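Let's take a walk through this protein together, from the overall picture down to single residues. Keep the structure open beside the text as you read.

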Amino acid sequence: MQVEVNPNEDTEWNDILRKHGIIPEKPQDPEPLIQEALIEAERKAHENRLEDKDLDELDELEDEEDEDFLNQYRQKRLAELSTINQTSIHNQVYGLQKPDFTREVTDASQNCFVCLNLTSSSSNNVESRLLSELWRRLAAKYGDIKFCEMRGNMCIEGYPDRNTPTILVYHKGEIVRQFVTLLTLRGSATRIEDLENMLVEVGALKESDVRLKKDDSDDERPLKVKSKSSIRKTATVEEEDDDDWD
């Protein structure tokens, strides 16, 4: 006569069978592990509650937080600001010629992130003009990242203008991210915040970077682009600028 055994029962007989490997060990109850994970998450959240605060915000918490704890974060913020100041050596958009590419992009990316904007050769490309303006603002804000621009068809012979603007992010000599046009961002509504999120994703910026704090110069509205009539009026000027790329 064969006796059926429920391997999930907590009985002395089952303990004997498990000890001898006759039935498998009873699966561990996941609830204690889940509770432990939740408690640990709450503990870390409490410990890191000041992680995204800048110096002014830390000063405002003097009556609420332990002074020694606040001072630790003040010193951390000051050290971060010092590092930013020391590495902010660019703060401009570099216009490139093809002979400059290896030195200014591939080689330079060994020391910092390099973001390259392949621009359009047409004044009618709204996204390209928009990105060039955003590029200028990002370069001024994040001087530790090198921002470059180059005509798409000058960088790559026969590069289709419809693929511009193209964003290429280089690090350690390799392309780590690329966007062909701004379609996967927000198209002609792309904003500084969208590009900052991209820089965080690739590791060029840390989520705790104090510069990611919104300031009065950051406009949440998308930049206005010129009308076609304005484009026609500036066409002559832009044609003269084309000589710089020859």
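This is a predicted model, and of the 246 residues of the protein, 35% count as buried. The protein exposes about 15900 Å², with carbon and sulfur atoms supplying 49% of that area. It contains 9 helices and 5 strands, and along the sequence they follow the pattern α-α-α-α-β-α-β-α-β-α-β-β-α-α. Among contacts with a separation of 6 or more, 66% come from residues 24 or more positions apart.

Let's begin with helix α1, which covers residues 12-19. Its buried residues are N14, L17 and R18. Seen down the axis of α1, these buried residues fall within an arc of 100°, so they line one face of the helix. The face turned away from that buried side carries the exposed residues E12, W13 and K19. Just after α1, G21 takes a positive phi of about 75°.

Helix α6 is a good next stop. What do its ends tell us about its span? The helix runs over residues 126-141, and at 1.5 Å a residue its 16 residues should span 22 Å; the end C-alpha atoms are 23 Å apart, which agrees. At the start of α6, a side-chain oxygen of N125 reaches to within 3.3 Å of the backbone nitrogen of E127. E127 itself is buried, and so are S128, L130, L131, L134, W135, R137, L138, A139 and K141. The cover over the buried residues of α6 includes the strands β1 (93-95), β2, β3 (146-151) and β4 (166-171), along with helix α8 (192-202).

One of those covering strands, β2 (residues 114-119), holds N117. N117 counts as buried, at 0% relative accessibility. Its side chain makes a polar contact of 3.0 Å with the side chain of E149. Leaving aside neighbours within four places in sequence, N117 is in contact with L131, S132, W135, C148, E149, M150, P165 and T166.

Two of the residues in contact with N117, C148 and P165, deserve a closer look. C148 is buried, with a relative accessible area of 0%. How many disulfides are there? The count comes to 0 disulfides. C148 is accordingly in no disulfide, and the nearest cysteine sulfur, that of C112, is 8.5 Å away. Another cysteine, C155, is buried with a relative accessible area of 14%.

P165 sits in the loop between α7 (152-155) and β4. A cis peptide bond joins T164 and P165, with omega about 0°.

Finally, two residues share a backbone feature: K172 has a positive phi although it is not a glycine, and T181 likewise has a positive phi without being a glycine. The table sets them side by side.

| Residue | Phi | Place | Relative accessibility |
|---|---|---|---|
| K172 | about 55° | loop between β4 and β5 (174-180) | 48%, partly exposed |
| T181 | about 65° | loop between β5 and α8 | 15%, buried |

The loop with K172 lies between β4 and β5, while the loop with T181 lies between β5 and α8. T181 is buried, whereas K172 counts as partly exposed. Both β4 and α8 have already come up on this walk, as part of the cover over the buried residues of α6.

How values were computed:
Residues numbered from 1 in each chain as written. Predicted model: local features only at pLDDT ≥ 70, side-chain atom pairs only at ≥ 80, totals over all residues. Heavy atoms only, no water. Buried < 20%, exposed > 50% of the residue type's maximum accessible area, 1.4 Å probe, protein only. Helix = DSSP H or I, 4+ residues; strand = E, 2+ residues; numbered from the N terminus. Arc of directions from axis to C-beta. Polar contact = N/O pair within 3.5 Å; in protein donor to acceptor, adjacent residues only side chain to side chain. Contact = heavy atoms within 4.5 Å. Areas by Shrake-Rupley, 256 points an atom, 1.4 Å probe, with all protein chains shown as cover. Expected span 1.5 Å × (residues − 1). Disulfide = S-S within 2.5 Å.
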